[in-house]
Amino acid sequence: MNRELNKRNKIILQTSSLFDKMNIEEISSLIERGEICKVNEKEVILDPGDSNSYVCIVLEGTLDVKLPENDDLLAILSPGQCVGEMSILDNVPPSARVSGHTEAVVLKLNRDLFWQILKESHSVAVNLLTILSKRVRVGNVTISEEIKLQKEFKKIANIDPLTKLFNRRGMITNFTQAMKASVQRSFPVSLNMIDIDFFKKFNDTYGHIAGDHVLIQMGKALKNYTRDEDIVARYGGEEFSILFFKVSLDEAFKMADEIRDKISKLSLKSDEFPYLPNVNLSMGIALYDSSKDENIEVLIARADEALYQ
């Protein structure tokens, strides 16, 4: 498609971000050496698998910018916007795929011509820096948002949705880290495995919704009755666990007995469940011993064994 820039095209270029706040006539002789090309709908003009030799400025229609991996749409470029300048500057293939969103017309400036324009016009160079800085800023925001999402997903994966305590996965992760710290800093840690007595019978008698209510109240109580440094988790079903930090085995037994006594006196009644009885707990405690406990599973097994004795 060979044609000269018309008046409308020049107006579009004059208002484009690349030629912002400058008299485009100063470099019109260079711009007019560019190639005006038609882009069909869905026609690819930039692809990560190919090298790129052009900066493309949209004159008419729109272009899609998509990720090559999953075809996710990153942006739709309208008249006046440009694409391809990054791969010209760093001399590597484009990072995204660009194609016609609709039928479009673009002005293509080849590599040598684009560099000549930059050398001739300080204003274009400044505008290009502005464009690139905005893209970096948007990229940083995107990365920041992705990191936040990853952290949120990780948090969700480690938290029991009912009690809001660590779930089994979160428990193992945090307990393993705590066990390593206890060896490095030479302080004791004890694992307390907890089971609500006769909870299956409780569910059969009062229903699973009432059972969930009890589990929620149990989670809140265990958090309230332990110290900030202790780690509380729902191991599964009606079984909970607490990792006591920096206390001897005797102190851990004493702390566990106090928790068991408080739970036995805890009223579980509410407006929705005015008839619920109190519950009792069974507990098993094991002191972490790095010479015996190769991993958290071995420590859990020892605490479980103490629970059922």
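Reader: What makes the approach of the Asn 110 side chain to the backbone nitrogen of Asp 112 a polar contact?

Author: Happy to explain: a polar atom of the Asn 110 side chain lies 3.2 Å from the backbone nitrogen of Asp 112. A polar contact is a pair of N or O atoms within 3.5 Å; within protein, one must be able to donate a hydrogen and the other to accept it, and residues adjacent in sequence count only if both atoms are side-chain atoms. The side chain of Asn 110 also reaches the backbone nitrogen of Leu 113, at 2.7 Å. This is a predicted model, where local features need pLDDT of at least 70, side-chain atom pairs count only at pLDDT 80 or more, and totals for chains, interfaces and linings use all residues. Residues are numbered from 1 along each chain as its sequence is written, and side-chain values use heavy atoms, leaving out hydrogens and water.

Reader: Why is Asn 110 called partly exposed?

Author: Its relative accessible area is 32%, and buried means under 20%, exposed over 50%, partly exposed in between (1.4 Å probe, protein chains only).

Reader: Why are helix 7 and helix 8 called oblique to each other?

Author: They pack at an angle of about 130 degrees, with their axes 7 Å apart. Angles under 35 degrees count as roughly parallel, over 145 as roughly antiparallel, 65 to 115 as roughly perpendicular and the rest as oblique, so helix 7 and helix 8 are oblique.

Reader: Which residues make that contact?

Author: With contact meaning heavy atoms within 4.5 Å, helix 7 gives Phe 199, Phe 202, Asn 203 and Tyr 206, while helix 8 gives His 208, Ala 210, Gly 211, Val 214 and Leu 215.

How values were computed: Axes are lines fitted to C-alpha atoms, for helices over the stretch in contact, and angles run from 0 to 180 degrees between N-to-C directions. Helices (H or I, at least four residues) and strands (E, at least two) are DSSP runs, numbered from the N terminus.
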